[in-house]
Amino acid sequence: MRSAKDFFAPLAVGAPAPLREIPARPSRAIHFFDPGNPKMAAKVPDMVGKVDVLLGNLEDAVKAENKETAREGLVTIGQETDFGPTQLWTRINALDSPWVLDDLTTLVRAIGDKLDVIMVPKVQGAEDIHYVDRILAQLEAKAGLDRPILVHAILETARGVANVEEICGASPRMQGLSLGPADLAADRRMKTTRVGGGHPGYLVREDPTDGDIEGARSTHQQDLWHYTISRMVDACAMHGIYPYYGPFGDIADVVACEDQFRNAFLLGCVGAWSLHPKQIAVANKVFSPSVEDVKHARRVIDAMGDGTGAVMLDGKMEDDASVKQCKVMVALAEELAAIDPELKSQYDAIEIG
Ligand SMILES: CC(C)(COP(=O)(O)OP(=O)(O)OC[C@H]1O[C@@H](n2cnc3c(N)ncnc32)[C@H](O)[C@@H]1OP(=O)(O)O)[C@@H](O)C(=O)NCCC(=O)NCCSC(=O)C[C@](C)(O)C(=O)O
Ligand SMILES: [Mg+2]
């Protein structure tokens, strides 16, 4: 076990010092693109400033024969693009794959100064994060980087879920977690073939009337991912890092996508993945607090003065705890307003009188 005193020391001579706090940078949509696909790559410069995170994906969804092209494409995009307020992330190949070592050595050397976060798939336990932590420190030292690259883990195995707290606490580089519903479903032997979202078979049925089990009874589809997302949220909050929903594979169904993202937002997630340009707007909308919510939160904070005691607002009790909930909402609104002029003007126009 590492001593607490060593935790914030660099893991290689010459590597930048680890961060003591993970910055709360807006990341409502993590937009995936294949850097080796010319059509997708061509759209990247125009997405800068319109999406919070652009992620060059090297893992699943990139064919084995295109792995090197994708890696080289990401180097070119990283070197040639001015990302402004938009973060650049990548998803490297799995730690047991033949590509990951070259992914790390190439990317940190060539675009380590541009990369904000490296997403690591199929993380099983703290040992995977320790491996990445050390090798990144060595590569950062070699590349002369002056700020550490952060690490984001995808939860997509049963063992990863069982070890979620230790994964989140494994390194000061840990930035957050995403749900990987497709690999996780396969690993758990769940019987859904969907990439995220609900399932019509996973339901609760209304009780029968007068014992008539054949009579009409309404059913309600339930959320297959509620348990896992809730565990992720607690593990992330406990370690001061950020949870994300992950992908919603039914690209055409933007309505269900919005519902699924909103459930995650309400539970505490800060963003979700976008696999197709049309999902960016969905995530940006859902993960930005509504004007009504920000207005209410500001009213409560205003009415609560020093934040202690209890008051009645619109027939509802507000107290020390509810003012904290409102501060979470207002803090997020302020972070988003700082990078999104449209939202800023909407929030600035709020009158709380
Ligand atoms: C779904 C697909 C095949 C539909 O692709 P399409 O070409 O059929 O779609 P389209 O509607 O016809 O596309 C319109 C235009 O947008 C472009 N386009 C389309 N998508 C993008 C994009 N993402 N970024 C930038 N541009 C994009 C596309 O190239 C086209 O350009 P054009 O007008 O010049 O012809 C395509 O969108 C795609 O490949 N998206 C990314 C898929 C991906 O990254 N999957 C991996 C993440 S999910 C995952 O790994 C699971 C997980 C977590 O691991 C686990 O649960 O286990
Ligand atoms: Mg996966």
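Biologist: Which residues is His-199 in contact with, once you leave aside its neighbours within four places in sequence?

Modeller: In this model, which is a predicted one, His-199 is in contact with Lys-191, Thr-192, Arg-194, Gln-221, Gln-222 and Leu-224. The word "contact" asks for heavy atoms within 4.5 Å.

Biologist: Where is His-199 along the chain, and how far is its C-alpha atom from that of Gln-222?

Modeller: His-199 is in the loop between helix 7 and strand 7. The C-alpha atoms of His-199 and Gln-222 are separated by 7.5 Å, although the two residues are 23 residues apart along the chain.

Biologist: Why is His-199 called partly exposed?

Modeller: Partly exposed is the band between buried, under 20%, and exposed, over 50%. His-199 has a relative accessible area of 23%, so it belongs in that band.

Biologist: Okay, on to the metal. What coordinates the magnesium ion (ligand 2)?

Modeller: Two residues do that job here: Glu-156, through OE, and Asp-183, through OD, at 2.0 to 2.2 Å. A donor has to be within 2.8 Å of this metal, so both pass.

Biologist: What makes you say that the pair links distant parts of the chain?

Modeller: Look at where they sit. Glu-156 is in the loop between strand 5 and helix 5, Asp-183 is in helix 7, and they are 27 residues apart.

Biologist: Are Glu-156 and Asp-183 buried or exposed, and how do you know?

Modeller: Glu-156 has 5% relative accessibility, which is under the 20% limit, so it counts as buried. Asp-183 has 27%, between the two limits, so it is partly exposed.

Biologist: Which residues does Lys-122 contact, again leaving aside its neighbours within four places in sequence?

Modeller: Glu-156 and Asp-183 are among them, and so are Glu-59, Asp-60, Ala-94, Asp-128 and Ile-154. Lys-122 itself lies in the loop between strand 4 and helix 4. Its C-alpha atom is 8.0 Å from that of Asp-183, with their positions 61 residues apart along the chain.

Biologist: And why is Lys-122 put down as partly exposed?

Modeller: Its relative accessible area is 22%, and buried would need under 20%, so Lys-122 is partly exposed.

Biologist: What makes Ala-61 worth pointing out?

Modeller: Ala-61 has a positive phi of about 90 degrees although it is not a glycine. You'll find it in the loop between strand 2 and helix 2. Its relative accessible area is 76%, over the 50% cut-off, so Ala-61 is exposed.

Biologist: What is phi in Asp-210, and why is that residue called exposed?

Modeller: Asp-210 also isn't a glycine, and its phi is near 50 degrees, a positive value. With 79% relative accessibility against a limit of 50%, it counts as exposed. Its loop runs between strand 7 and strand 8.

Biologist: Let's zoom out. How many helices and strands does the protein have?

Modeller: There are 13 helices and twelve strands.

Biologist: How do you know that the protein is as compact as a globular protein of that length?

Modeller: The globule rule gives 20 Å for 353 residues, and the radius of gyration here is 22 Å; that is close, so the label fits. As for burial, 47% of the 353 residues count as buried.

Biologist: And what do the contacts and the surface look like?

Modeller: Take the contacts with a separation of 6 or more: residues 24 or more positions apart account for 72% of them. The protein exposes about 17400 Å², with carbon and sulfur atoms supplying 53% of it.

Definitions and conventions:
Residues numbered from 1 in each chain as written. Chains lettered and ligands numbered in written order. Predicted model: local features only at pLDDT ≥ 70, side-chain atom pairs only at ≥ 80, totals over all residues. Heavy atoms only, no water. Helix = DSSP H or I, 4+ residues; strand = E, 2+ residues; numbered from the N terminus. Rg over C-alpha atoms; globule rule 2.2 N^0.38 Å. Buried < 20%, exposed > 50% of the residue type's maximum accessible area, 1.4 Å probe, protein only. Areas by Shrake-Rupley, 256 points an atom, 1.4 Å probe, with all protein chains shown as cover. Donors = N, O, S within 2.8 Å, 3.2 Å for Na, K, Ca; no water.
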